[in-house]
Amino acid sequence: TDYPRGFPADFMWGGASAAAQIEGAWNIDGKGLSGAECIVGGGQHNSTQDNVTLAELKAALANPSAQKYPKRHGNDFYHHYREDIRLMAKMGFRAFRFSISWSRIFPHGDDEHPNEAGLQFYDRILDELAKYDIEPVITLFHYDTPVALTMKYNGWASCRIVKAATRYTAVVLKHFGRRVKYWMTFNEINTGTTGFHATGAIDSDLTPNQQLQLRFQALHHQFVASALATKQLHEINPGAKMGCMVGRDQTYPATPNPDDALLAQKEDRLNLFYPDVQIRGEYPEYMNRYFAEHHIKIEMAPGDQELLRENTVDYLSFSYYTSRVSNSRPAKNDKKITVNMARGFNNPYLKGTPWGWLIDPKGLRVTLNEFWDRYRVPLFIVENGLGAADELTEDLQVHDDYRIEYLQNHIRQMKEAVADGVNLLGYLMWAPIDLVSFSTSEMAKRYGLVYVDLDNEGRGTMKRIPKDSFYWYRHVIAANGNEI
Ligand code: BG6
């Protein structure tokens with residue numbers, strides 16, 4: 001009788017970010033370098049698609065420039081967190097997602113002692129959030145494996161990294177686990193098969209098949225580290241919740257041709273496989289067939305399977321930016337689209353962002369319903385937003401009506417999904433304050449509700465300026481999504 005449902009009173013409205021894209025202070029207070037901080041900027045390199053070579057990494061290690069490697073300066077949240085959190089509070093944020101930088105806690109990934117200054121920085125963030133009653137939501141690994149572990153183990157390709165990762169999570173969860181209720185392990189764990197940004201492994205010299213082998217093996221180590229972190233958290237604080245986090249690309253068949261339908265299902269499973277493991281606790285049969293057909297062999301240590309089975313996650317969080325199309329018989333001139341890990345064909349019913357990401361608000365409703373039907377665990381939207389080239393007017397305003405439209409259309413569809421009965425914990429848009437884009441490492445691709453005076457060359461005052469979308473989102477939250 002209570003349908004259609006509205007947003008619950010404690011719905012977590014807010015925003016999300018990641019350490020390597022905001023913090024800066026890459027060589028301050030004992031921090032070590034992460035892989036993300038070794039990627040050149042200005043859109044020259046696409047981190048989620050291009051391979052990184054050992055030569056490139058060595059060049060980055062020898063080069064102290066934050067201008068060349070923009071994730072070293074981020075938006076300087078390290079020195080602006082008070083102001084930024086105050087701005088979030090002004091919008092009425094109820095939750096803020098950020099990630100902890102592994103190399104800020106363990107500069108080389110596996111140092112003997114944790115870096116106290118690193119722990120204190122996150123203590124200060126939590127104190128600040130507590131002041132305004134903003135719920136922290138923390139990602140343990142957001143695309144920033146310490147580069148020292150790439151050099152030592154080839155990142156997640158080696159099972160030896162699991163021990164180092166588990167020490168890091170043990171220290172972090174012991175320190176913050178009682179204060180923080182919502183956690184997630186690996187950001188978009190399903191993008192690992194596209195390369196270095198997620199695996200922290202150099203594999204540019206391998207054949208495509210050897211790369212797949214390495215990346216799925218690296219993924220297995222992440223599944224194990226994730227299950228161990230889930231176990232650690234539940235031991236420290238039984239009331240705390242650990243989530244898995246995937247980049248969701250809703251998949252459509254290009255036509256009603258059963259061949260397209262089958263292909264769409266097959267390709268969609270390459271996206272669903274990850275939450276299948278982390279929520280259901282085992283590798284699904286369809287992936288075992290996929291591995292056999294691709295000559296991939298996953299090495300498992302004794303006990304891994306039990307570990308995965310016994311330490312499933314409490315909720316499913318995901319990013320949503322776009323959908324994809326599976327086409328079994330593409331014509332020569334059918335346009336291909338690549339967004340992060342989503343590779344598919346153009347959808348003539350959708351328009352793209354200036355960066356070519358297809359905008360599909362209804363796909364968010366489809367995703368929410370499908371996820372809820374499939375898993376029956378609480379869902380959490382922890383990323384959704386629009387990257388655009390905003391313009392600052394002379395009187396210091398940003399009229400980003402296109403961003404308002406984007407967010408509004410997605411929130412409307414999310415509202416419909418909640419009315420359909422989906423159990424949704426919250427909506428964290430990407431991102432409250434302009435930050436360095438992950439894939440293209442540029443400032444020009446802005447996501448914020450607040451403008452940051454900083455350009456692609458690293459020039460600017462870092463001044464924060466609320467955009468029109470800032471005031472719009474404040475109203476959405478104040479009305480608990482009822483006036484959208
Ligand atoms: C997600 C990532 O894939 O998309 C974020 O988790 C990223 O780190 C976001 O910033 C938007 O992508 P981009 O490449 O435009 O910054």
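Reader: Over the ring of which residue does the charged end of Arg-72 sit?
Author: The model is a predicted one. In it, the distance from the charged end of Arg-72 to the centre of the ring concerned is 4.5 Å. The ring that lies under this charge belongs to Trp-26.

Reader: Over which ring does the charged end of Lys-71 sit?
Author: Here the charged end is 4.2 Å from the ring centre. The residue that supplies the ring is also among those that come nearest to the ligand. Lys-71 is placed over the ring of Phe-438.

Reader: How many residues lie around the ligand, and how many of them are charged?
Author: The shell comprises 14 residues, and Glu-188, Phe-438, Ser-439, Lys-445 and Tyr-447 come nearest. By class, five residues of the shell are nonpolar and six are polar, while the number of charged ones is three.

Reader: Which side chain has an N or O atom 2.6 Å from an oxygen atom of the ligand?
Author: Several side chains offer polar atoms to ligand oxygen. For Gln-21 the separation is 2.7 Å, and for Trp-430 the separation is 3.4 Å. The value of 2.6 Å belongs to the side chain of Lys-445.

Reader: What share of the ligand's exposed area does the protein bury?
Author: An oxygen atom of the ligand lies 2.6 Å from a polar side-chain atom of Lys-445. Considered alone, the ligand exposes 380 Å². The share of that area buried by the protein is 99%.

Reader: Which residue does a cis peptide bond join to Trp-430?
Author: Most peptide bonds are trans. At Trp-430, however, omega is about 0° and the bond is cis. The partner lies in the loop between strand S10 (424-430) and strand S11 (450-452). That partner is Ala-431.

Reader: What is the phi of Glu-188, and is the residue buried or exposed?
Author: Most residues other than glycine have a negative phi. Glu-188, found in the loop between S4 and H8, is not a glycine, yet its phi is positive at about 40°. Its relative accessible area is 5%, which is under 20%, so Glu-188 is buried.

Reader: Where is Ser-441 found?
Author: Ser-441 also has a positive phi, about 50°, although it is not a glycine. The residue is buried, with a relative accessible area of 1%. Its place is the loop between S10 and S11.

Reader: Which side chain makes a polar contact with that of Thr-191?
Author: Thr-191 is in the loop between strand S4 (182-186) and helix H8 (196-199). Its relative accessibility is 3%, and it therefore counts as buried. The contact spans 3.0 Å, and the other side chain is that of His-197.

Reader: How many residues apart in sequence are the parts that the pair of Trp-102 and Phe-141 ties together?
Author: The structure holds 41 aromatic pairs. In this one the ring centres are 5.5 Å apart and the planes are at 80°, so the pair is edge-to-face. Because Trp-102 lies in helix H4 (residues 102-105) and Phe-141 in strand S3 (residues 135-141), the separation in sequence of the linked parts is 39 residues.

Reader: Why is the pair of Phe-470 and Tyr-471 edge-to-face, and how does each residue stand in accessibility?
Author: The ring centres lie 5.0 Å apart, and the planes stand at 70°, which is over 60, so the pair is edge-to-face. Phe-470, at 2% relative accessibility, counts as buried. Tyr-471, with a relative accessible area of 42%, is partly exposed.

Key: Residues numbered from 1 in each chain as written. Heavy atoms only, no water. Helix = DSSP H or I, 4+ residues; strand = E, 2+ residues; numbered from the N terminus. Buried < 20%, exposed > 50% of the residue type's maximum accessible area, 1.4 Å probe, protein only. Polar contact = N/O pair within 3.5 Å; in protein donor to acceptor, adjacent residues only side chain to side chain. Phe/Tyr/Trp six-rings, centres within 6.5 Å; stacked < 30°, edge-to-face > 60°. Lys NZ or Arg CZ within 6 Å of the ring centre and 35° of its normal. Near = heavy atom within 4 Å. Areas by Shrake-Rupley, 256 points an atom, 1.4 Å probe, with all protein chains shown as cover. Nonpolar A, V, L, I, M, F, W, Y, C, P; charged D, E, K, R; others polar.
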